[in-house]
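Here is a short briefing for a reader meeting this structure for the first time. Keep the sequence and the 3D view open while reading.

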Amino acid sequence: MHGANPLFRMEGVSKRYGGVRALDHAELTVHAGQIHGILGENGAGKSTLIKIMSGVVAPDEGRMTLDGKEVSFASPAAANDAGIACIFQELSLVPHLSVADNIVISNPPKRFGMIDRKKQRAIAEEALARAGAADIHPLALVRDLPLSRRQMVEIAKALARKPRILILDEATSALTAADVSKIFAVLKRLREEGLALLYISHRMHEIAELADVCTVFRNGSNVATYEAGTKSDNEVVELMIGREYTNVFPPKAPVAASDNPPVIECRRLSWADQLKDISFSVRAGEVVGLGGLDGQGQRDLLLALFGVLRGVGGEVLIEGKPVRIRGPRQAKGDEIGMALIPEDRKTEGLLLPMSVRDNLSFAALDRVARAGVIDRAAERSRIDEMIRLLAIKTAGTDIPAGALSGGNQQKIVIAKWLMNRPRIILLNDPTRGIDVGTKQEIYQLLRKLAADGAAIIFYSTDYDELIGCCDRVLVMYDGGIRRELAGDGITEHALIASALNVEEDSMAEAVGA
Amino acid sequence: MSDISSGRGRNGIWKRIDPAVATAFGCIVLLLLVGSLYSSNFLHLEYLLLQLKVASFLGVIATGAMLVILLGQIDLSAPWAITTGAMMSCAAAAYGPTGVALAIPFGILCGMAIGIVNGIGVAYLRIPAMIITLATNAVAQGLMVVYTGGFSPQDEATEAMRYIATGFLIPSVPNAVLVWIVVGAGAVFFLSRTTFGRAVYGIGNSERAAYLSGIDTRRILVLAFAVSGGLSALGGVLLAGYSSKAAQSMGDVYLLPAIAAVVLGGTSILGGRGSYLGTVAGVILITLLQSILSVMQIPEAGRQVIYGIVIVVMLLLYGRAPASR
């Protein structure tokens, strides 16, 4: 099979977003009749790779060939026409339309300019049958279907476009094991029919069961391609981690702050299906990381602590006293003294068109105002203090926050919360998309804040950060805390193994050998 | 980040003046010049003061509209909040000396009540502002029709109402203009110097960010709508004082001009950006436009068409600037 000409080839493809190199001279070869597994850490370049293949973004350089002919896709529709269909992580179905409407949504069959409903139904039925979901009625409304059935419709929708390459990006992350096995049967049959399938998943055992060939990505490049089954889990993890590691982290406190009483303690926290039975505590002076794969409930946990989510079960204790936090306004008050550095600084952290000054004082207005009237002198002196403390580079406090670089914007988000002098600081992936220098400054700041007595909970998608910054790491999986790592036990192996929910024993053996 | 350079490149006064505000003032000068070609009266002080007096009714109403628009919302209940303010203050005047004394505050209070319902609907019940304010407008209209029986109300405006609308505390400066100056000064102070003002701009830019920063976004929304309703009613009180009595549908002609004035003054219809100076310019611009159109004897229908077109043109010019700089 390998002797045959490849169906699709990608050579020297690079893509930068601002200063971040998402894909760096990546290569990929896809053969018809194969399932090709793609592996890699968060941010290794997998998503960018798929977006380029499916025409969502254009590469900065490099070439792609399909059937030996060079191609470039101006839009997702162009990629579709060339025979590349993609099923993304988030479902793309319109809930209020019928299954048939959804399947042909991008290109419905027409007769006299009107949608040919009979033909539409026939197309939908055929596609559903191919996807192994003939039992779904084409006229059922999508919103009435359970999640696993919707995923089947999603596959049928992709198949209705008669693709030659089908890309599945974390397509099973929302499904239960029983549903996954059904979908696997369908995928294997599609492979028999001669389709090329690209399967991206964080779940190692799924890749092992399904893939014929695997490619591992790291830092935007493909680092290895191998026949499935020729490498152990451990070797794969080694490939994913790589060995590029520079020490940019400040030293941790020599003695962990184990004598201090906990500042914040959670008991059996739960919320909808996203958080399950979470208990932990953080002491003053501690930096506790939240690890695990993206989307295992870390963000929800931070929002739940901050009082943003409704209907959170369980108990939160601040300095031993049970409290019920009803919202950010209460959370930031002196009683609790909490701060949340949110995930998306552009929509949640900052008011981009407003001035640097307005942004910095926005969360602490009550502290610089008397009877609702802002004391400008007090405001200015506090702001100057923060700009000095965080070394924010700005051409003045009157320019819009949006005019600053990403790193300085992030510093403003952190500074605006430090104005309140919080004792509990929650950070949601604060170093994403900012330059290394600023990252380093943020690490040092966190350490300093902890040394001054703050309790810090720090979610990061970057394992290096968790290892370098945190005294303890809580690894989350599927809404619960899967493992707690502390001190020297915070290693990349342990983090990745528990994040992937792989048995630590087998990992340890492999490392020992 | 190419706009860093342009942001820094502008210096001195140009950095501080919104191009939209400058354009609005430019248009005012242009209109006066065009008008003076038509009739030399356009540049007389008397005429200008008269226009300022007419503008002050719109100015008070537009102040409320601006507050709500800065939040990224809209208040379409202005027409009957105005009429309610006018009718209720006149109605109070019929109840003896106490009624006469409380006529103005009672009228304003009725307008605020409409605003509070709007605010609760938007902030707590999450009903789109466009829907809830239209609904309260209709309800207010219904209540007023029930009260008056559908006829022109017979109640007369009080002496105080006439005085604040038509009197002269300072010789040759109409009191209505003074009222607008007081309201405007209050608006400038609240928008630029208080936590309330910062919160209004913050919510208008990103309600999510404002909420996560610990701003009580719902309270601010209710407050802003209440102020908007109250200012509309104050406008109604002034109008009733001006013409000695309230009339059915007297507020209808103010909805479009009020919103147009705010938008012409450079306030983003999406919220978060805008200065009160711009609204002042917008109000004067609209008033002059109306005056010139009527001097040119263009009928009401034609004026409405022209407002509409002017708003669209201004939106094309300023409404599309990227919100995230």
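What follows goes from the whole of one chain to its helices and sheets, with a stop at a second chain.

The model is predicted. Chain A has 18 helices and 24 strands. Its radius of gyration is 25 Å, which agrees with the value near 24 Å that a compact globule of 513 residues would have.

**Chain A as a whole**

- Along the principal axes, the C-alpha atoms of chain A fill a box of roughly 70 × 65 × 45 Å.
- Of the 513 residues in chain A, 46% count as buried.
- Take the contacts in chain A with a separation of 6 or more: 69% of them join residues 24 or more positions apart.

**Helix α4 of chain A**

- Helix α4(A) covers residues 117-130, which makes 14 residues.
- At 1.5 Å a residue, α4(A) should span 20 Å, and its end C-alpha atoms are indeed 20 Å apart.
- The buried residues in α4(A) are Gln120(A), Arg121(A), Ile123(A), Ala124(A), Ala127(A) and Leu128(A).
- Seen down the helix axis, the buried residues of α4(A) fall within an arc of 160 degrees, so they line one face of the helix.
- What do these buried residues pack against? Their partners are α3 (99-103), β8 (114-115) and α5 (147-159) of chain A.
- Gly132(A) comes just after α4(A) and takes a positive phi of about 70 degrees.

**The four-stranded sheet of chain A**

- This open sheet runs in the order β14-β13-β16-β17 (chain A), and its pairing is antiparallel.
- β14 (275-283) and β17 (321-323) of chain A stand at the edges. Each has a single partner strand, so one side of each is left without a neighbour in the sheet.
- Neighbouring strands here are turned by 20 degrees against each other on average, direction ignored.
- β16(A), residues 313-318, pairs with β17(A) in the antiparallel sense over three bridges.
- Across that pairing, Ile318(A) stands opposite Lys321(A) of β17(A).
- Helix α9 of chain A, residues 298-305, lies across β13 (262-271), β14 and β16 of chain A. It runs at about 65 degrees to β14(A).

**The six-stranded sheet of chain A**

- A further open sheet has the order β18-β21-β22-β15-β23-β24 (chain A), with mixed pairing.
- Which strands form its edges? They are β18 (338-341) and β24 (480-486) of chain A, and each pairs on one side only.
- In this sheet, the average turn between neighbouring strands is 20 degrees, direction ignored.
- β23(A), residues 472-477, and β24(A) pair in the antiparallel sense over six bridges.
- Tyr477(A) has Gly480(A) in β24(A) as its bridge partner.
- Helix α17 of chain A, residues 492-499, lies across β15 (287-291), β23 and β24 of chain A. Its direction is at about 25 degrees to β23(A).

**Helix α10 of chain B**

- Is helix α10(B), residues 195-205, mostly covered or mostly open? It is mostly covered, with 11 of its 11 residues buried.
- Among the buried residues of α10(B) are Phe196(B), Arg198(B), Tyr201(B) and Asn205(B).
- Gly197(B), Gly202(B) and Gly204(B) are also among the buried residues of α10(B).

Key: Residues numbered from 1 in each chain as written. Chains lettered and ligands numbered in written order. Predicted model: local features only at pLDDT ≥ 70, side-chain atom pairs only at ≥ 80, totals over all residues. Helix = DSSP H or I, 4+ residues; strand = E, 2+ residues; numbered from the N terminus. Expected span 1.5 Å × (residues − 1). Buried ≥ 20, exposed ≤ 12 C-beta atoms within 10 Å, placed from the backbone. Arc of directions from axis to C-beta. Contact = placed C-beta atoms within 7 Å. Rg over C-alpha atoms; globule rule 2.2 N^0.38 Å. Pairing = 2+ DSSP bridges. Axes fitted to C-alpha atoms, helices over the stretch in contact; angles between N-to-C directions.
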